Amino acid sequence: MSESKEWKKIAKSKEKRPKVQEYKNWKELPPIPISLPIEGSMGITGDWRTFQPVILEGCNKCGICWMYCPEGVIKRKEDGSFEIDMVYCKGCGICAKECPTQKIKMIRESESKDE
Amino acid sequence: MANGIIEISFAARGGQTAVTASQLLAQFAFDKGFIDVIAIPIIGAERRGAPIWAFTKISKNKPIKTYDSVVNPDYMLIFDTSLLNIPRIRDSIRESTILLINSDKSIDTTYLPNNIKIYSVDATKICIESNLMLSSGPILNIPMLGAFGKITGFYDLEIMKNIIKEEFGEKRLPKNMKVAEEAFNSVKEVKS
Amino acid sequence: MSKAKEFVQKKETKIIKGNVAAAYAAKSARVQVISAYPITPQTTVVEKLSEFVDGGLMPGTQYIRVESEHSVMASVIGASIAGTRTFTATSGQGLFYMNEMIHWAAGTRLPIVTTIASRGAAPPWNIWADFSDVINARDTGWMSAFCATHQEIYDEILMSYKVCEDHDVLLPKFVAYGGFILSHTSKPVILEDQDLVDQYLPPLPDEKGWPQIFIDPDRPMMHGNLIMPSGFYSEFRMKIQDTLMKSKEKIKVATKEFEKIFGRSYGNGLVEEYHMDDADVGIIIYGDLALQMEQAIDDLREEGYKVGMTKLRHYRPFPTEDIIEVAKKVEVLGVMDRGTAFGSPTGGPVSSDVLASLYNTGITTKILPMMAGIGGREVNVEQQKEEIKTLIKMKETGELPDNLIHGTLWDGILEVK
């Protein structure tokens with residue numbers, strides 16, 4: 001019965017779900033093994049980064065980096081250009097590797113302007 | 001007729017439609033008021049023409065609780081006289097077994113138990129005349145069951161008509177009933 | 001389609017094969033997705049269902065033909081997650097090929113019902129009654145039930161949906177019956193009124209899916225993801241065991257409710273006793289052999305022997321408590337298996353479990369593990385009476401029979417005398 005209650009929470013719309021998926025006790029677990037896709041379910045993965053991608057001048061807005069990003073942290077802005085969410089970007093470098101015009105560069109965190 | 005359950009065995013060759021016959025017989029008997037019935041085909045990797053077995057058990061007053069083969073048949077339907085040459089089939093015939101044989105000639109009773117009751121019907125001829133045929137030969141189940149209904153009284157032509165209509169459809173009814181009636185009327189006891 | 005709407009099952013008795021009874025049960029349960037791949041002796045289950053679907057007798061039901069059993073279960077899993085009542089059937093080698101997906105179905109906690117027309121495992125090639133196939137799927141988290149009669153196949157499938165779809169259970173279930181012995185023989189089966197079946201079964205999931213499991217872009221959910229050893233993997237496995245053990249109560253309730261509505265009883269759902277109360281000697285037996293054993297018990301009772309039997313209806317969850325009670329009632333208890341568990345303490349799956357159930361209970365009942373009917377070998381009533389007489393002799397002499405093979409009596413073994 002307690003499980004049914006737990007389910008009611010999970011079955012709600014995306015917005016009404018609990019933001020943190022953290023269970024302390026097996027009795028709190030949902031009956032079936034699922035995970036709920038929510039923003040940053042693994043924490044602030046931006047902390048993992050040692051190199052950071054920078055989009056250079058001359059990007060042709062093809063969107064390949066946006067498609068390849070395994071973490072979905074590249075966002076398309078209204079003017080069609082792209083921006084990388086540095087809170088969650090873990091610096092894997094796949095966007096730089098895939099960019100057909102080499103307009104994404106990986107720079108050391110220590111060289112980053114934000115520091 | 002052990003335990004009040006009537007046990008019938010079917011000996012035939014693959015393609016002679018004996019498995020369907022065992023099932024239809026169960027349906028006819030149940031329709032007539034037998035309270036429990038079971039049709040048991042012995043299924044292997046069948047080949048057309050190979051000797052095959054099927055059994056039907058019907059009970060007037062108590063549930064049938066067995067799935068095993070019939071070893072002491074009260075009745076035995078033999079779809080082809082050539083099957084009598086097979087020792088395994090001949091050996092399964094008991095003194096009390098009543099035989100119904102599809103045959104166009106006199107039956108050699110040398111190797112059969114003495115004083116056994118035998119009925120004979122030429123189901124093959126009936127099928128050929130009505131053109132009730134499959135690629136493998138005549139569809140013998142309906143005429144054999146027509147004759148069996150006559151000699152046992154377990155069911156009548158009316159019941160056969162209802163079930164055949166239900167199972168095979170209106171279209172196939174006239175031809176099937178024709179052969180059933182012919183067999184019903186032509187089955188006769190053989191003096192051994 | 002208009003024809004389909006007119007067609008509603010009324011209560012009637014039909015002389016049908018066990019496989020056809022299974023197909024009618026799926027129809028009565030209004031299953032929404034059927035996935036099918038043929039394998040002897042199950043094939044006529046899905047053939048009959050394809051006739052129903054094609055003839056418009058199952059409006060709205062999707063019938064999927066796939067290229068293998070692995071895909072059968074994969075597609076049924078997809079359909080079940082999407083929120084539909086699903087059904088399929090398989091046998092022997094087909095079930096083995098399905099095995100990876102069997103684990104997925106239970107791990108994802110999907111209420112899938114699958115019938116098994118059981119057959120022996122190859123090689124040597126064998127297509128006849130032997131429960132080794134469903135035994136092989138024992139440790140997957142599926143419930144499994146054995147049927148002894150044609151009517152029980154129909155009834156058990158309906159009861160299975162009731163139990164599986166219970167919000168506190170959510171596990172799949174096998175409904176197994178002997179290949180050919182039940183699948184291809186014909187007996188009278190009562191098909192129930194559709195209204196009554198609808199009343200008995202839980203409502204079908206609505207278009208949003210089950211309340212617990214769904215595919216809905218507005219409420220995204222990820223299935224089957226990776227859990228690290230430090231994560232809750234172990235706990236999710238423990239929950240399957242916990243749920244299975246608790247499902248015994250649900251099975252009992254579903255069986256009782258079934259009896260109330262349809263008037264047919266199956267013991268307490270887990271086991272069904274027959275003349276056990278005053279018996280000195282008893283046997284635990286399952287599947288089609290159980291019905292025939294009733295006849296053997298009837299015959300022996302007429303001869304004056306105080307013998308009884310217990311039909312094991314559910315193998316998983318194993319009815320430990322009931323088995324203990326059964327063992328208390330008799331001095332000698334045989335356990336008859338039709339299926340092998342190689343290398344286990346007795347060689348038989350159920351007899352090993354019975355022995356395990358009785359450990360630490362202080363029960364001194366003598367147990368004789370037995371095997372018969374492997375690979376569809378015919379077992380007749382006379383042989384079953386002899387089996388019981390072996391147990392009676394064991395009680396009288398206090399000694400085990402001397403022809404045991406590693407502690408187990410393999411009955412009906414061909415031997416040159």
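This note goes through a predicted model point by point, from the chains to the domains, sheets and helices.

1. **How the chains touch.** Two pairs of chains touch, and the pair with the most contacts is that of chains A and C. Chain A and chain B, by contrast, do not touch, and their nearest C-alpha atoms are 42 Å apart. A reader may therefore wish to take the two contacts of chain C one after the other, as the next points do.

2. **Chain C with chain A.** In this contact 21 residues of chain C meet 16 residues of chain A. On the side of chain C, strand 9 (222-223) and helix 10 are the elements that give two or more residues, and helix 10 of chain C gives the most, with four residues. Sorted by class, the side of chain C that touches chain A has nine nonpolar, six polar and six charged residues.

3. **A strand pair between two chains.** Where does strand 9 of chain C find a partner in chain A? The partner is strand 1 (residues 34-35) of chain A, which pairs with strand 9 of chain C in the antiparallel sense over two bridges. Within this pair, A:Ile34 stands opposite C:His223.

4. **Chain C with chain B.** Here 16 residues of chain C and 16 residues of chain B take part. Strand 8 (186-191) and helix 11 (288-302) of chain C each supply at least two residues to the side of chain C that touches chain B, and helix 11 of chain C gives the most, with five residues. That side of chain C divides into six nonpolar, six polar and four charged residues.

5. **Two domains in chain C.** The domain assignment splits chain C into domain 1 (2-262) and domain 2 (271-410), and their C-alpha centres lie 29 Å apart. Their contact takes 26 residues from domain 1 of chain C and 22 residues from domain 2 of chain C. On the side of domain 1 that touches domain 2, the elements giving two or more residues are helix 7 (132-136), strand 6 (143-146), strand 7 (173-178) and helix 10 (233-262) of chain C. Which of these elements supplies the largest share of that side of domain 1? Helix 10 of chain C does, with five residues; by class, that side of domain 1 has 16 nonpolar, seven polar and three charged residues.

6. **The sheet of seven strands.** Seven strands of chain C form an open sheet in the order 3-2-4-5-7-6-13, with mixed pairing. Strand 3 (62-65) and strand 13 (314-316) of chain C each have a single partner strand, so one side of each is left without a neighbour in the sheet. Neighbouring strands of this sheet are turned by 20° against each other on average, if direction is ignored. Strand 2 (residues 33-36) of chain C pairs with strand 3 of chain C in the parallel sense over four bridges, and there C:Ile34 has C:Tyr63 as its bridge partner. Helix 4 (residues 69-81) of chain C packs on this sheet and touches strand 2, strand 3 and strand 4 (86-90) of chain C, its direction making about 165° with that of strand 4. Helix 8 (residues 150-164) of chain C also packs on the sheet, where it touches strand 5 (113-118), strand 6 and strand 7 of chain C.

7. **The sheet of six strands.** Six strands of chain C form another open sheet, in the order 10-12-11-14-15-16, again with mixed pairing. Strand 10 (271-274) and strand 16 (409-410) of chain C stand at its edges, each with a single partner strand, so one side of each lacks a neighbour in the sheet. Strand 15 (residues 366-371) and strand 16 of chain C run parallel and are joined by two bridges, with C:Met370 opposite C:Leu409. Helix 12 (residues 320-329) of chain C lies across four strands, among them strand 11 (281-285), to which it runs at about 155°. Helix 14 (residues 381-397) of chain C lies across strands including strand 11, to which it runs at about 135°.

8. **A pair of packed helices.** Helix 2 (residues 18-28) and helix 3 (residues 43-54) of chain C pack at an angle of about 45°, with their axes 8 Å apart. The two helices are therefore oblique to each other, and helix 2 of chain C passes helix 3 of chain C in a right-handed crossing. The residues in contact include C:Ala22 and C:Ala23 of helix 2 and C:Leu49 and C:Phe52 of helix 3. By class, the residues of this contact are seven nonpolar, two polar and two charged.

Definitions and conventions:
Residues are numbered from 1 along each chain as its sequence is written. Chains are lettered from A and ligands numbered from 1 in the order in which they are written. This is a predicted model: local features need pLDDT of at least 70, side-chain atom pairs count only at pLDDT 80 or more; totals for chains, interfaces and linings use all residues. Axes are lines fitted to C-alpha atoms, for helices over the stretch in contact, and angles run from 0 to 180 degrees between N-to-C directions. Angles under 35 degrees count as roughly parallel, over 145 as roughly antiparallel, 65 to 115 as roughly perpendicular and the rest as oblique. A crossing is left-handed if the near helix is turned anticlockwise from the far one by less than a right angle, and right-handed if clockwise. Two residues are in contact if their C-beta atoms, placed from the backbone, lie within 7 Å. Ala, Val, Leu, Ile, Met, Phe, Trp, Tyr, Cys and Pro count as nonpolar, Asp, Glu, Lys and Arg as charged, and the others, Gly among them, as polar. Domain bounds come from an automatic or database domain assignment. Two strands pair if DSSP finds at least two bridges between them.
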